[in-house]
Structure formats: structure tokens, C-alpha cells
Amino acid sequence: MGSHLLHGNKNYDVVFGPVTLWPQKFVIKDADQISFHTKAALEILPAPVLHSQGTPTYTL
């Protein structure tokens, strides 16, 4: 796992990449994650709209 810090202790605005079930290193097929690390990144997004909600289950 790498760090999300830039030179000078600044965070990236947005980070994206493959999904794993930490601490395993297996990548989940067809799954991506995205995270917003600064207030500026969050402020440019429109209000979210929830289309559906489920209850995911994980078997470890």
C-alpha cells in the first residue's frame, strides 16, 4: 500500500484504483474505488442522488 501524500504533506484531491479485501492483495474483478481527500474536491461535486441501496455481505 502506498501513501496518498504529495511533496510538502499535501493530499491528492482525488484517488482511484482497484478494490481489494484488505489485508488480502487479490483485486476484485470489475470493481473500482474512488475517494476524495480535500474539501476543495468535495465542494466541486453536485449533491449525490441515491438510486438504490443494498446490504453487502463479505465472506472472509
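In this predicted model, Thr38 sits in the loop that runs between strand β4, which covers residues 27–36, and helix α1, which covers residues 39–43. Thr38 has a relative accessible area of 19%, and because the cut-off for a buried residue is under 20%, Thr38 is counted as buried. A polar atom of the Thr38 side chain lies 3.2 Å from the backbone nitrogen of Ala41.

Within helix α1, the side chains of Lys39 and Glu43 are joined by a salt bridge, with a distance of 3.8 Å from N to O. These two residues are four positions apart in helix α1, so about one helical turn separates Glu43 from Lys39. In contrast to the buried Thr38, Lys39 and Glu43 are both exposed. Under the rule applied here, the count of salt bridges comes to one.

Helix α1 also holds Leu42, which has a relative accessibility of 47% and is therefore classed as partly exposed. The C-alpha atom of Leu42 is 8.5 Å from that of Asp13, although 29 residues separate Leu42 and Asp13 in the sequence.

Leu42 also belongs to a nonpolar patch on the surface, in which it is joined by Val14, Phe16, Ile34, Phe36, Ile44 and Leu45, and the accessible area of these residues together is about 720 Å². The elements contributing two or more residues to this patch are strand β3, which covers residues 14–20, and strand β4. Phe36, one of the residues of the patch, is located in strand β4. With a relative accessible area of 32%, Phe36 is partly exposed, and because residues enter a patch only with over 30% relative accessible area, the value of 32% for Phe36 meets that condition.

For the protein chain as a whole, the model contains one helix and four strands, and these elements follow the order β-β-β-β-α from the N terminus on. The chain has 60 residues, of which 8% are buried; Thr38 is one of the buried residues. The accessible surface of the chain amounts to about 6000 Å², and carbon and sulfur atoms account for 60% of that surface. When contacts between residues at least 6 apart in sequence are considered, 24% of them join residues that are at least 24 apart.

Notes
Residues numbered from 1 in each chain as written. Predicted model: local features only at pLDDT ≥ 70, side-chain atom pairs only at ≥ 80, totals over all residues. Heavy atoms only, no water. Buried < 20%, exposed > 50% of the residue type's maximum accessible area, 1.4 Å probe, protein only. Polar contact = N/O pair within 3.5 Å; in protein donor to acceptor, adjacent residues only side chain to side chain. Salt bridge = Lys/Arg side-chain N within 4 Å of Asp/Glu carboxyl O. Patch = residues over 30% accessible without salt bridge, like charges linked within 9 Å, V, L, I, M, F, W, Y side chains within 5 Å. Areas by Shrake-Rupley, 256 points an atom, 1.4 Å probe, with all protein chains shown as cover. Contact = heavy atoms within 4.5 Å.
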